[in-house]
Amino acid sequence: QRLGFGNLNKVVLEFDEVFWDDSVDYFGSAIDSTENRGRGFMFWNLKNVSGKPMLISLIAGEAAKSAETEGSESIVKSACATLAS
């Protein structure tokens, strides 16, 4: 059988200040709707490596494929909505 990896898109988000638990390197988000599956399911904390309040949001699978034709503003808005929930 073929082994595939699929799409994994990364969205870099920079904020004015840290509002998440800065003691962790990454954290996840359980999304309860199938329409948003794979979108913003994990966030990597870049504060310790960049010195700035930054996160990377991961988008995988079908959500990654559809995000490639979506505008940046919509993707950032979606990631921020996931963080706010």
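## Overall fold

Among contacts in the protein chain between residues at least 6 apart in sequence, 58% join residues at least 24 apart. The model is predicted. Its secondary structure comes to three helices and four strands. From the N terminus on, the order of elements is β-β-β-α-β-α-α.

The C-alpha atoms fill a box of roughly 40 × 30 × 25 Å along the principal axes. The protein chain has 85 residues, and 31% of them count as buried. About 6100 Å² of the chain is exposed. Carbon and sulfur atoms supply 50% of that area. Charged side chains number 8 positive and 12 negative. The centres of these two sets lie 8 Å apart.

## Strand pairing

Strand 4 (residues 54-60) pairs with strand 1 in the antiparallel sense, over seven bridges. Strand 4 also pairs with strand 3, again antiparallel, over five bridges. Strand 4 thus has partners in strand 1 and in strand 3.

Individual residues mark the register. Leu8 stands opposite Ala60 in strand 4. Val11 has Ser57 of strand 4 as its bridge partner. For Arg39, the bridge partner in strand 4 is Ile59. Strand 4 is mostly covered, with six of its seven residues buried.

## Two faces of strand 1

In a regular strand the side chains alternate between the two faces of the sheet. Strand 1 shows such alternation. Asn9, Val11 and Leu13 point to one face and are buried. Leu8, Lys10, Val12 and Glu14 point to the other face and are not buried.

Val11 sits in strand 1, which spans residues 8-14. Its relative accessible area is 12%, so Val11 counts as buried, the cut-off being under 20%. Beyond its neighbours up to four places away in sequence, Val11 touches Leu55, Ile56, Ser57, Ile59, Ile75 and Val76. The C-alpha atoms of Val11 and Ser72 are separated by 9.0 Å, although these residues are 61 apart along the chain.

## Ser57 in strand 4

Ser57 is found in strand 4. This serine is buried, with a relative accessible area of 1%. Leaving out residues up to four places away in sequence, Ser57 touches Asn9, Lys10, Val11, Leu13, Gly40, Met42, Phe43 and Ala79.

Several of these contacts fall in elements already described. Lys10 and Val11, both touched by Ser57, point to opposite faces of strand 1. Phe43, also touched by Ser57, lies in strand 3. Val11 is in addition the bridge partner of Ser57.

## Aromatic pairs

The count of aromatic pairs comes to four. One of them joins Phe15 and Trp20. Their ring centres are 5.8 Å apart and their planes meet at 65°, an edge-to-face arrangement. Both Phe15 and Trp20 are buried. Phe27 and Phe43 form a stacked pair, because their centres are 5.5 Å apart and their planes stand at 15°, where stacked requires planes under 30 degrees apart. Phe27 lies in strand 2 (residues 26-28) and Phe43 in strand 3 (residues 39-45), so this pair ties together parts that are 16 residues apart in sequence.

Phe43 is buried, with a relative accessible area of 1%. Elsewhere, ring pairs link Phe15, Phe19 and Trp20 into a cluster.

## Ala64 in helix 2

Ala64 has its place in helix 2, residues 61-67. At 0% relative accessibility, Ala64 counts as buried. Its contacts, not counting residues up to four places away in sequence, are Asn7, Leu8, Asn9 and Ile59. Leu8 and Asn9, both touched by Ala64, belong to strand 1. Ile59, also touched by Ala64, is the bridge partner of Arg39 in strand 4.

The distance to Leu46 makes a contrast with these contacts. The C-alpha atoms of Ala64 and Leu46 are separated by 21 Å, with their positions 18 residues apart along the chain.

Definitions and conventions:
Residues numbered from 1 in each chain as written. Predicted model: local features only at pLDDT ≥ 70, side-chain atom pairs only at ≥ 80, totals over all residues. Heavy atoms only, no water. Buried < 20%, exposed > 50% of the residue type's maximum accessible area, 1.4 Å probe, protein only. Contact = heavy atoms within 4.5 Å. Pairing = 2+ DSSP bridges. Phe/Tyr/Trp six-rings, centres within 6.5 Å; stacked < 30°, edge-to-face > 60°. Areas by Shrake-Rupley, 256 points an atom, 1.4 Å probe, with all protein chains shown as cover. Lys, Arg positive; Asp, Glu negative; His and termini not counted. Charge placed at Lys NZ, Arg CZ, Asp CG, Glu CD.
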